[in-house]
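Work through the exercises below with the sequence and the coordinates open. Each task is followed by a solution in steps.

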Amino acid sequence: EGTIYVNTSADTVGIGTTTPGSKLDVQGTMQVGVNDTGHDVKFFGATAGAYLEWDESADELELRGGAATPGKLLLSTAETTVVDGNKLGQIDFQAPLDSAGTDAILVGASIYAEADATFSSSVNATELVFATGASETATERMRIDSDGNVGIGTSSLITTAGRASLTISTAAEKAELHLQNRTATTSSEAGILTFYNASDRI
C-alpha cells in the first residue's frame with residue numbers, strides 16, 4: 001500500500017516512508033514522464049547560473065557552471081584504502097539494445113582512472129586509461145601515467161626519471177609511427193619530427 005506523508009511542522013514530504021530524511025524523500029523508483037514523452041528536470045547549484053538539467057527536447061544531460069566556472073562531473077569511489085590497480089571512476093560507451101546481440105551489446109569503449117600506487121597522505125598517483133573493443137569487451141589501448149608518460153598498446157611503459165616518454169608496443173610484427181601531411185604534393189613534405197632543447201632545435 002502506498003504512503004504519502006506530509007510533516008507540516010518540519011516542511012518535509014515522504015513518499016513510501018513516514019520518516020522523510022530530507023525536504024522530499026522518495027523510497028522507491030521515481031519516474032518523470034513516460035517512454036517517448038518526457039519532461040525537463042533541472043537542479044540548481046549554490047552559484048548563480050549553475051545547474052544540472054535533463055533537456056527532454058534535446059535528449060541530453062547538461063552540467064553548467066556559473067560565470068567563468070566550468071560545469072564539473074565527479075566520478076568517485078567509496079574505497080577507503082586505495083591500492084595500485086583500483087579504479088577511481090569510469091565512463092563506458094555501449095549499444096546494449098543492438099539486435100545482433102553477443103559482441104554488439106558489449107561495452108565498446110571505456111575511459112577510466114586507475115590508481116598507480118597505494119594512496120596515502122602524500123600520494124594519489126593515478127593513471128588515465130583508454131580502452132576500445134573490436135570483437136570483445138573494450139580492452140586497454142592507451143595509458144597516460146601519473147608522470148604524464150604515454151603508452152600505446154601496453155600498460156608497461158618504458159620510462160626514465162626526469163624525462164617524458166612515449167612507449168608504443170604491439171604483439172604483431174612491428175610497431176609503427178606515421179607522420180602525414182594530407183595536403184602535401186611532394187615526399188619532402190610528408191611529415192616532420194623535430195627535437196628541441198631549452199633554447200633551440202637539435
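**Exercise 1. Strand pairing**

Task: Determine in which sense strands S7 and S8 pair, and over how many bridges.

Solution. The model is predicted.
- Step 1: Locate S7 at residues 87-94 and S8 at residues 107-115.
- Step 2: These two strands pair in the antiparallel sense, over seven bridges.
- Step 3: To fix the register, take Gln-90, which stands opposite Tyr-112 in S8.
- Step 4: Continue to strand S9, residues 126-132, which runs antiparallel to S8 and is joined to S8 by seven bridges.
- Step 5: Here the register can be read from Ile-111, whose bridge partner in S9 is Phe-130.

**Exercise 2. Rings and charges**

Task: Find the aromatic pair and classify its geometry, then state which charged ends sit over the rings of Tyr-51 and Tyr-112.

Solution.
- Step 1: A search for aromatic pairs returns one. It consists of Phe-44 and Tyr-51, with 6.1 Å from centre to centre and 70 degrees between the planes.
- Step 2: Planes over 60 degrees apart count as edge-to-face, so the angle of 70 degrees puts Phe-44 and Tyr-51 in that class.
- Step 3: Check the accessibility of both rings' residues. Phe-44 is exposed, with a relative accessible area of 64%, whereas Tyr-51 is buried at 13%.
- Step 4: The ring of Tyr-51 also has the charged end of Lys-42 over it, 4.1 Å from the ring centre.
- Step 5: For Tyr-112, the charged end over the ring is that of Lys-87, 4.1 Å from the centre.

**Exercise 3. The salt bridges of Arg-143**

Task: List salt-bridge partners of Arg-143 and state which residues the resulting network joins.

Solution.
- Step 1: The structure holds six salt bridges. One of them is between the side chains of Glu-114 and Arg-143, at 3.1 Å from N to O.
- Step 2: Glu-114 belongs to strand S8 and Arg-143 to strand S10, so this pair ties together parts that are 29 residues apart in sequence. Glu-114 and Arg-143 are both buried.
- Step 3: Arg-143 also forms a salt bridge with Glu-127, with 2.3 Å between the closest N and O atoms.
- Step 4: Since Glu-127 lies in strand S9 and Arg-143 in strand S10, the pair ties together parts 16 residues apart in sequence. Glu-127 is buried, as is Arg-143.
- Step 5: Glu-140 is another partner of Arg-143, the closest N and O atoms being 2.6 Å apart.
- Step 6: Compare accessibilities in this pair. Glu-140 is partly exposed, with a relative accessible area of 24%, while Arg-143 is buried with 5%.
- Step 7: Salt bridges that share partners therefore join Glu-114, Glu-127, Glu-140 and Arg-143 into one network.

**Exercise 4. A buried acid**

Task: Decide whether Asp-145 is buried or exposed, and find the nearest side chain of opposite charge.

Solution.
- Step 1: Place Asp-145 in the loop between strand S10 (139-144) and strand S11 (150-152).
- Step 2: Asp-145 is buried.
- Step 3: The nearest side chain of opposite charge is that of Arg-143, 8.5 Å away.
- Step 4: A salt bridge requires a nitrogen and a carboxyl oxygen within 4 Å, and Asp-145 has no salt bridge.
- Step 5: Look for a backbone contact instead. The side chain of Asp-145 reaches the backbone nitrogen of Asp-147 at 2.9 Å.

Methods: Residues are numbered from 1 along each chain as its sequence is written. This is a predicted model: local features need pLDDT of at least 70, side-chain atom pairs count only at pLDDT 80 or more; totals for chains, interfaces and linings use all residues. Side-chain values use heavy atoms; hydrogens and water are left out. Two strands pair if DSSP finds at least two bridges between them. Helices (H or I, at least four residues) and strands (E, at least two) are DSSP runs, numbered from the N terminus. Rings of Phe, Tyr and Trp (its six-membered ring) pair if their centres lie within 6.5 Å; planes under 30 degrees apart count as stacked, over 60 as edge-to-face and the rest as tilted. Buried means under 20% relative accessible area, exposed over 50%, partly exposed in between (1.4 Å probe, protein chains only). A charge sits over a ring if NZ of Lys or CZ of Arg is within 6 Å of the ring centre and within 35 degrees of the ring normal. Lys and Arg count as positive and Asp and Glu as negative; His and the chain ends are not counted. A polar contact is a pair of N or O atoms within 3.5 Å; within protein, one must be able to donate a hydrogen and the other to accept it, and residues adjacent in sequence count only if both atoms are side-chain atoms.
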